[in-house]
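Visitor: Could you walk me through this model? I'd like to start with the overall picture and then look at some details.

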Amino acid sequence: MRGHSLTGIAKMAPRPLAVRPPERSLTIPVPERLQEKRGRTMDQLQSRLMSLPLELRQMIYRSVVGDSTMHMILKENKLGHLRCKAPSAIQCPLGFNGRTLSRECCWGTVDSANIWAPRRGNVVEPTDGDILPLLQTCRQIYSESINYLYSTNTFSFSDLDCLRYFSTTPRFSLIQTLDIEWCLSWPIYDPFAQHLLLSNPALFPPHDEATWEETWRIVAAMPHLAFVRVSLLYFDGFRDPRCEGRMLAPLWGVTRPKRFEVHVSWSGDEVEGAPFQLIRPVVQEVGEGEDEDGEQW
Ligand SMILES: [Zn+2]
């Protein structure tokens, strides 16, 4: 629309497309004096970091970008990550914020679509985990350190869509430790309960069965996965053990991790022969240290 004016209707008419000469370059020609520098990696001889042996540099990279827990979050149109404030993912306390599981000490709050919101008032928390400054320093540092980011951190998810989106990043396959919290807020794999919902389809992504199965196909295909910890919350528990069995079925495909724990919030039978360890809540028996009303004495 360049050059048109509102003074004449003829000028508003579509213009024929210009024919581009085949030899014409799509980019602005780089001035000759800059051509040598363009696309080159500058040597880092003056850098004290680069004068260290590679092994020492690798230790530094790992301590800056690795060996931590990254809580992955959904933001408007993109993903972010918050570095866990607890010493390890296992020590990061789980909480329930009224809609889904959340780690209140780290995650802050989310809206109804699980989009992250900065915590309290005017405090804006960085969502790059404080690792970007090092990675953006230069190409050599980036290429030497980027793999530590993926291979030595625990990646923690509280949203299945977030995990699915993140799985498209090029180095996702390097991840070795995965932590997933998920709230089963709708009657997944329970046709009878879904029928009562009267909506069509009964469940919507990411709470539907297709998203659940796709998530576990992604996890099953992660080649370097060594430890997976899953925490599932379901207020009502499963009405029928067969429904629970159908929900757990996609997890049987995840066979690579050396350690695979599935913590659930409801009681039920033991599951034998699975590649995961199903950990149910401890039910305290009445009688030991309590009277008939469950009061401790
Ligand atoms: Zn945390």
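Guide: What follows is a talk about the fold, the sheet, the core and a few single residues.

Visitor: How many helices and strands are there in the protein chain?

Guide: This is a predicted model, and in it the secondary structure of the protein chain comes to nine helices and 11 strands.

Visitor: And what share of the residues counts as buried?

Guide: Of the 297 residues of the protein chain, 40% are counted as buried. The accessible surface comes to about 18,900 Å², and carbon and sulfur atoms account for 55% of that area.

Visitor: What about contacts across the sequence, how many join residues at least 24 apart?

Guide: If one takes the contacts between residues at least 6 apart in sequence, 57% of them join residues at least 24 apart.

Visitor: Switching to the sheet, what is the strand order?

Guide: Seven strands form an open sheet with mixed pairing, and the order is E2-E1-E7-E8-E9-E10-E11. Strand E2 (78-83) and strand E11 (277-279) are the edge strands, each of them pairing on one side only. Neighbouring strands in this sheet are turned against each other by 20° on average, with direction ignored.

Visitor: How do E1 and E2 run, parallel or antiparallel?

Guide: Strand E1 (residues 69-75) and E2 run antiparallel, and six bridges join them. In one of these pairings, Lys75 has Lys78 in E2 as its bridge partner.

Visitor: Thr154 caught my eye; where does Thr154 lie, and is Thr154 buried or exposed?

Guide: Thr154 lies in strand E7 (residues 154-157). Thr154 counts as buried because its relative accessibility is 13%, which is under the 20% cut-off. Leaving aside residues up to four places away in sequence, Thr154 touches Ser68, Thr69, Met70, Ala89, Thr177 and Asp179.

Visitor: Now the core: which residues have the most contacts inside the largest nonpolar one?

Guide: Those are Leu178, Trp212 and Met247, in a core of 55 residues. Helix H5 (residues 139-152) gives the largest share of this core, namely five residues.

Visitor: What does Leu178 touch?

Guide: Not counting residues up to four places away in sequence, Leu178 touches Phe155, Phe157, Leu163, Val219, Met222, Leu225, Phe227, Val228 and Arg229.

Visitor: Last topic, how many disulfides does the count come to?

Guide: The count comes to zero disulfides. As for individual cysteines, Cys84 counts as buried because its relative accessibility is 8%, and Cys138 is also buried, with a relative accessible area of 15%.

Methods. Residues are numbered from 1 along each chain as its sequence is written. This is a predicted model: local features need pLDDT of at least 70, side-chain atom pairs count only at pLDDT 80 or more; totals for chains, interfaces and linings use all residues. Side-chain values use heavy atoms; hydrogens and water are left out. A nonpolar core is a set of buried Ala, Val, Leu, Ile, Met, Phe, Trp, Tyr and Cys residues joined through side-chain atoms within 4.5 Å. Buried means under 20% relative accessible area, exposed over 50%, partly exposed in between (1.4 Å probe, protein chains only). Helices (H or I, at least four residues) and strands (E, at least two) are DSSP runs, numbered from the N terminus. Contact means heavy atoms within 4.5 Å. Accessible areas come from the Shrake-Rupley method with a 1.4 Å probe; for residues, only the protein chains shown count as cover. Two strands pair if DSSP finds at least two bridges between them. Axes are lines fitted to C-alpha atoms, for helices over the stretch in contact, and angles run from 0 to 180 degrees between N-to-C directions. A disulfide is a pair of cysteine sulfur atoms within 2.5 Å.
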